[in-house]
Amino acid sequence: MAAEEEPVVATCHCGQVEIVLAKTPDVVVECNCSLCTKYGVLWTYYEASDILGMPEGSITDSYAWNGENVDFHRCSNCGCITHWMPRSASRSRRGINARLLPKTLLASARLRHRDGAETGKYLD
């Protein structure tokens, strides 16, 4: 039987926002859409059930591109992009800014490139 993995914590620059994840990500994604490019984020995706702790809504500000699909959250204190949440209750996947995780945890993750600007498909 495999040993259970320890939870990992993603934190913004000031430490106000903490997101507790059930496991270290295997894959991180660089998206080339206009928003992700400007944010400079790497995303890692988790099912809601694999997120053990999320920030209270009052400590983040959010933005929805065209008012649709997902809300991008940032720390209301230091401004770091922290995560995105789907607007539809039927969607269970969330995006976490992998740049908020300890660098040592990201070293073993596979980097993928997503063409969010055009096709929505992975380029590798």
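Contact here means heavy atoms within 4.5 Å. By this criterion, in the predicted model described here, L21 touches P7, V8, Y46, D50, I51, L52, I96 and L101, when residues up to four places away in sequence are not counted. L21 also belongs to the largest nonpolar core, which comprises 17 residues and in which I19, L21, I96 and L101 touch the most other members. Strands β1 (8–11) and β2 (18–21) each supply at least two residues of this core. A second core, separate from it, is made up of ten residues, among them C31, V41, V70 and F72.

The aromatic residues were considered next. A pair of aromatic rings is described by the distance of the centres and the angle of the planes. The whole structure contains three aromatic pairs. In one of them, the ring centres of W43 and F72 lie 6.1 Å apart with the planes at 45°, so the arrangement is tilted. Because W43 is located in strand β4 (residues 43–47) and F72 in strand β7, this pair ties together parts of the chain that are 29 residues apart in sequence. Both W43 and F72 are buried. The rings of Y45 and W84 likewise form a tilted pair, since their centres are 6.1 Å apart and their planes stand at 55°. Here strand β4, which holds Y45, is tied to strand β8, which holds W84, so that the pair joins parts 39 residues apart in sequence. The two partners differ in their accessibility, for Y45 is partly exposed with a relative accessible area of 22%, whereas W84 is buried at 7%. Ring pairs also link Y39, W43 and F72 into a cluster.

Strand β8 also contains H83, a residue that counts as buried at 3% relative accessibility. The side chain of H83 is joined to that of T82 by a polar contact of 2.8 Å. Beyond its neighbours within four places in sequence, H83 is in contact with I19, W43, M54, P55, T60, D71, F72, H73, G95, I96 and N97. This list includes W43 and F72, the two partners of a tilted ring pair, as well as I19 and I96, which are among the residues named above for touching the most other members of the largest core.

Charged side chains provide further links. Side chains of opposite charge can pair when their charged atoms come close. The structure holds two salt bridges. In one, the side chains of D71 and R87 meet at a distance of 2.9 Å from N to O. Since D71 lies in strand β7 (residues 70–75) and R87 in the loop between β8 (81–86) and β9 (93–97), this pair ties together parts that are 16 residues apart in sequence. D71 counts as buried, with a relative accessibility of 16%, while R87 is partly exposed, its relative accessible area being 47%. The other salt bridge is formed by the side chains of R112 and D124, at 3.5 Å from N to O. It links distant parts of the chain, as R112 is placed in strand β10 (residues 110–114) and D124 in the segment after β10, twelve residues apart. R112 counts as buried at 18% relative accessibility, and D124 is partly exposed at 38%.

The cysteines were examined for covalent pairing. A disulfide is a covalent bond between the sulfur atoms of two cysteines. A search of the whole structure finds zero disulfides. For C12, which is in no disulfide, the nearest cysteine sulfur belongs to C14 and is 3.7 Å away; C12 counts as buried, at 5% relative accessibility. C33 is also in no disulfide, and the nearest cysteine sulfur, that of C36, is 3.6 Å away. These separations fall outside the cut-off, because a disulfide requires sulfur atoms within 2.5 Å. C33 is buried, with a relative accessible area of 8%.

Helix α1 (residues 34–39) contains T37. The side chain of T37 reaches the backbone oxygen of N32 at 3.4 Å. When residues up to four places away in sequence are not counted, T37 touches C31 and N32, and C31 is in turn a member of the second nonpolar core. The C-alpha atoms of T37 and A117 are separated by 9.7 Å, although these residues are 80 residues apart along the chain.

Notes
Residues numbered from 1 in each chain as written. Predicted model: local features only at pLDDT ≥ 70, side-chain atom pairs only at ≥ 80, totals over all residues. Heavy atoms only, no water. Salt bridge = Lys/Arg side-chain N within 4 Å of Asp/Glu carboxyl O. Helix = DSSP H or I, 4+ residues; strand = E, 2+ residues; numbered from the N terminus. Buried < 20%, exposed > 50% of the residue type's maximum accessible area, 1.4 Å probe, protein only. Polar contact = N/O pair within 3.5 Å; in protein donor to acceptor, adjacent residues only side chain to side chain. Core = buried A, V, L, I, M, F, W, Y, C linked by side-chain atoms within 4.5 Å. Phe/Tyr/Trp six-rings, centres within 6.5 Å; stacked < 30°, edge-to-face > 60°.
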